[in-house]
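Me: I am new to this structure and would be grateful for a close look at a single part of it. Please take one helix together with what surrounds it, and then place that part among the other features of the chain.

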Amino acid sequence: MPRAGVLILLYHRVTEPDADPQRLAVRPAHFAAHLEAIRAAADVLSLAELVTALDAGRLPARGIVVTFDDGYADNATTAAPLLTAAHVPATFFLTSRYVDGTREFWWDELEQILLGPAVLPPALRLSLDGAAWVADLGTAAAWTPATVAAHRGWTVEDRDPTPRHVAYRALCTALKPMTGAARTHVLDALAAQARLTPMIRPTHRPMRASEALALARTPGLSVGAHSASHPSLAALPVSDQRAELLESRNTLTHLTQAPIAHMAYPFGGRGDQSWRTRRAARAAGYTAACANEPGLVRSRAARFRLPRVLVRDWDAATFTGQLERWFDA
Ligand SMILES: [Zn+2]
């Protein structure tokens, strides 16, 4: 008899975008198949039920919790109806400043500027934390729509085929530990060099406040926090970490008119949350927090470092096989 364990699944998007360099999207047909596989494989429970079960020392033998990070509109328009139809509960961790905001998520804006059809200068020049940063784009400065289309299937797991991809990857890394204000400053400078005004593409729209409120009011679905501006929290001074954790909790409590009990650390890896981050999350009033570190939730799991596994755009058979591997691990 295997030990009791609960698997927390991490999704980001349910859609089929033209380009998906971070591999965040699961196409709707696959997501519907995942929900069927989830119900067949385990007991489904909400994150709140998992925390209650942990507190009571009564974990289900084999449970699954579904979560979403970031707060893309497709969570509300596409994922939520599928979840409701399949009677699978889920928690949506929203990045509070992007809800009803005027910008795309910062990694999407980088993609829009660097991997889209904008004509860039031959040398991109930015100031990153006070240090000069230059990217020589050479002939990749001007891309035709055909070049953009040719690179649409590229992801960060591939090699960088052009200097634009090198710049995209470098800036994803450089912007991750910045405060929201510093990051916006860099993005504005980058957009100015590309002579474009960052706009929200309908395919990359963050959720509206009305959609967040509707999610929070849908039985089985709940909203949690994912920071205010999506930094790698552990990289920030503790006072900034606290501010991010409190702002997102306050904003989302107000927006959803519901208590925000849970959060998920942006990026969520080992380097993105330290013991100081976890302590700050507890002090900010959350009762549990999800990481992005693989593993099963066991009876003695740390409430502020709940393991989660990242789900990709797998077909039903691949996903089912992966569930078994996660449960066996
Ligand atoms: Zn995230």
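Reply: The following account begins with helix 4 and then moves outward to the rest of the chain. The model is a predicted one.

Helix 4 spans residues 106–114, and 9 of its 9 residues are buried, so the helix is largely enclosed by the rest of the structure. Buried here means a relative accessible area under 20%. The buried residues of helix 4 are Trp 106, Trp 107, Asp 108, Glu 109, Leu 110, Glu 111, Gln 112, Ile 113 and Leu 114. Strands and helices both take part in covering them: among the covering elements are strand 5 (62–70) and strand 7 (123–128), as well as helix 6 (163–175) and helix 7 (180–193).

One of these covering elements, helix 7, can be described in detail. Helix 4 and helix 7 pack with their axes 10 Å apart, at an angle of about 15 degrees. Because of that angle, helix 4 counts as roughly parallel to helix 7; the cut-off for this description is an angle under 35 degrees. The contact involves Trp 106, Glu 109, Leu 110, Ile 113 and Leu 114 on the side of helix 4, and Arg 183, Leu 187, Leu 190 and Ala 191 on the side of helix 7. The two helices cross in a left-handed sense.

Strand 7, another of the covering elements, is followed by a loop that leads to strand 8 (131–136), and Asp 129 is found in this loop. Asp 129 has a relative accessibility of 69% and therefore counts as exposed. Its phi is near 55 degrees, which is a positive value in a residue other than glycine.

The nonpolar cores come next. The largest has 52 residues, and those with the most contacts inside it are Leu 9, Tyr 11, Val 66 and Leu 83. A second, separate core has 34 residues, including Leu 24, Leu 124, Leu 128 and Leu 190. Leu 190 is also one of the residues through which helix 7 meets helix 4. Within the largest core, Tyr 11 may serve as an example. Apart from its neighbours within four places in sequence, Tyr 11 is in contact with Val 26, Phe 31, His 34, Ile 38, Val 66, Thr 67, Phe 68, Asp 69, Val 311 and Phe 319.

Several of these partners lead to helix 1. Phe 31 of helix 1 takes part in the contact with helix 3, as do Pro 28, Ala 32, Leu 35 and Arg 39; on helix 3 the contact is made by Thr 78, Ala 79, Leu 82, Leu 83 and Ala 86. Helix 1 and helix 3 (residues 73–86) pack at about 30 degrees, with their axes 10 Å apart, and this makes them roughly parallel. Their crossing is right-handed.

Helix 1 (residues 28–41) also meets helix 11 (residues 316–328): their axes come within 9 Å and cross at roughly 35 degrees. This crossing, too, is right-handed. Ala 33, His 34, Ala 37, Ile 38 and Ala 41 in helix 1 face Ala 316, Phe 319, Thr 320 and Leu 323 in helix 11. Ala 316 counts as partly exposed, at 34% relative accessibility. Between the C-alpha atoms of Ala 316 and Arg 242 the distance is 40 Å, and the two residues are 74 residues apart in sequence.

A zinc ion is also present in the model. Its protein donors are Asp 70 (OD), His 226 (NE2) and His 230 (NE2), lying 2.1 to 2.2 Å from the ion. Along the chain they follow the spacing D-x155-H-x3-H. His 226 is buried, with a relative accessible area of 1%, and His 230 is buried as well, at 3%. His 230 lies in the loop between strand 9 (221–225) and helix 9 (238–256). Although His 230 is not a glycine, it has a positive phi of about 65 degrees.

Beyond helix 9, in the loop between that helix and strand 10 (262–264), is Gln 257. At 57% relative accessibility, Gln 257 counts as exposed. Leaving aside its neighbours within four places in sequence, Gln 257 is in contact with Leu 213, Arg 217 and Leu 252. The C-alpha atoms of Gln 257 and Ala 29 are separated by 32 Å, and these residues are 228 residues apart along the chain.

Terms used:
Residues numbered from 1 in each chain as written. Predicted model: local features only at pLDDT ≥ 70, side-chain atom pairs only at ≥ 80, totals over all residues. Heavy atoms only, no water. Donors = N, O, S within 2.8 Å, 3.2 Å for Na, K, Ca; no water. Buried < 20%, exposed > 50% of the residue type's maximum accessible area, 1.4 Å probe, protein only. Core = buried A, V, L, I, M, F, W, Y, C linked by side-chain atoms within 4.5 Å. Contact = heavy atoms within 4.5 Å. Helix = DSSP H or I, 4+ residues; strand = E, 2+ residues; numbered from the N terminus. Axes fitted to C-alpha atoms, helices over the stretch in contact; angles between N-to-C directions. Parallel < 35°, antiparallel > 145°, perpendicular 65-115°, else oblique. Left-handed = near helix turned anticlockwise from the far one by under 90°.
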